[in-house]
Amino acid sequence: MKVKLLTTISFFSYQIGISQTEKLLHGKVVTGINALKNVEVINKTALTSTRTNESGEFSILVKPKASLLFFSKDFLFKRFKISQKDIEQNNLLVNMLPKPEELDEV
């Protein structure tokens with residue numbers, strides 16, 4: 001009986017400890033000096049996503065070594081690997097480049 005109780009308590013303690021390792025990361029997506037709105041921010045590791053607001057700012061739950069993708073139809077997508085330093089600074093700045101336009105022949 002004691003073994004089952006201790007096993008159950010240690011299992012739940014482990015689960016609570018693991019679930020608290022995610023931190024809320026704040027950041028801003030820009031191109032040059034202009035903020036980008038409605039850029040999709042995808043946490044590929046945790047399979048969650050969010051969008052930037054009118055000011056280009058976003059917040060998303062991440063863990064160290066998580067992979068973030070930034071996607072907008074008019075810009076090249078950007079991949080970013082999150083480090084512990086990024087989480088501690090909690091102010092990620094992502095600069096996206098516009099997609100080159102293909103012109104028709106004259």
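Two salt bridges are found when the whole of this predicted model is searched. One of them joins Glu 54 to Lys 37, with 3.7 Å between the closest N and O atoms. Glu 54 sits in the loop between strand 4 and strand 5 (57-62), while Lys 37 belongs to the loop between strand 2 (34-35) and strand 3, so this pair ties together parts of the chain that are 17 residues apart in sequence. As for their surroundings, Glu 54 is exposed, at a relative accessible area of 61%, and Lys 37 is partly exposed, at 47%.

Arg 51 and Glu 40 form another salt bridge, and here the closest N and O atoms are 3.9 Å apart. This pair also links distant parts of the chain, since Arg 51 is in strand 4 and Glu 40 is in strand 3, 11 residues apart. Both partners fall into the partly exposed class: Arg 51 has a relative accessibility of 48%, and for Glu 40 the value is 23%.

The two strands that carry this second pair can be followed into a sheet. Strands of a sheet pair through backbone hydrogen bonds, in either a parallel or an antiparallel way. In this model, an open sheet is built from four strands in the order 4-3-6-7, and the pairing is antiparallel. Strand 4 (48-51) and strand 7 (75-81) are the edge strands; each has a single partner strand, so one side of each is left without a neighbour in the sheet. From one strand to the next, the twist averages 15 degrees.

Looking along the sheet, strand 3 and strand 4 are held in antiparallel pairing by four bridges. One example to look for is Asn 43, whose bridge partner in strand 4 is Thr 48. Strand 3 and strand 4 form a hairpin with four residues between the strands, and in this hairpin Leu 47 adopts a positive phi near 60 degrees. Strand 3 (residues 40-43) is also joined by four bridges to strand 6 (residues 67-72), and these two strands run antiparallel as well. Here Ile 42 has Leu 69 of strand 6 as its bridge partner.

A parallel pairing appears elsewhere in the model. Strand 1 (residues 23-31) and strand 8 pair in the parallel sense, again over four bridges, and Val 29 finds its bridge partner in Val 94 of strand 8. Strand 8 (residues 92-95) shows two faces: Leu 92 and Val 94 make up the covered one, whereas Leu 93 and Asn 95 make up the uncovered one.

Leu 92 leads on to a charged residue, Asp 86, which lies in helix 2 (residues 84-89). Which side chain of opposite charge is nearest to the buried Asp 86? That side chain belongs to Lys 85, but it is 6.9 Å away, and Asp 86 has no salt bridge. The cut-off for a salt bridge is 4 Å, which means that a separation of this kind does not count as one. The side chain of Asp 86 does reach a backbone atom, however: the nitrogen of Ser 83, at 3.1 Å. Leaving aside residues up to four places away in sequence, Asp 86 touches Leu 25, Phe 80, Lys 81, Asn 91 and Leu 92. In short, Asp 86 is buried without a salt bridge, while its side chain has the backbone nitrogen of Ser 83 within reach.

Note on methods:
Residues numbered from 1 in each chain as written. Predicted model: local features only at pLDDT ≥ 70, side-chain atom pairs only at ≥ 80, totals over all residues. Heavy atoms only, no water. Buried < 20%, exposed > 50% of the residue type's maximum accessible area, 1.4 Å probe, protein only. Lys, Arg positive; Asp, Glu negative; His and termini not counted. Polar contact = N/O pair within 3.5 Å; in protein donor to acceptor, adjacent residues only side chain to side chain. Contact = heavy atoms within 4.5 Å. Pairing = 2+ DSSP bridges. Axes fitted to C-alpha atoms, helices over the stretch in contact; angles between N-to-C directions.
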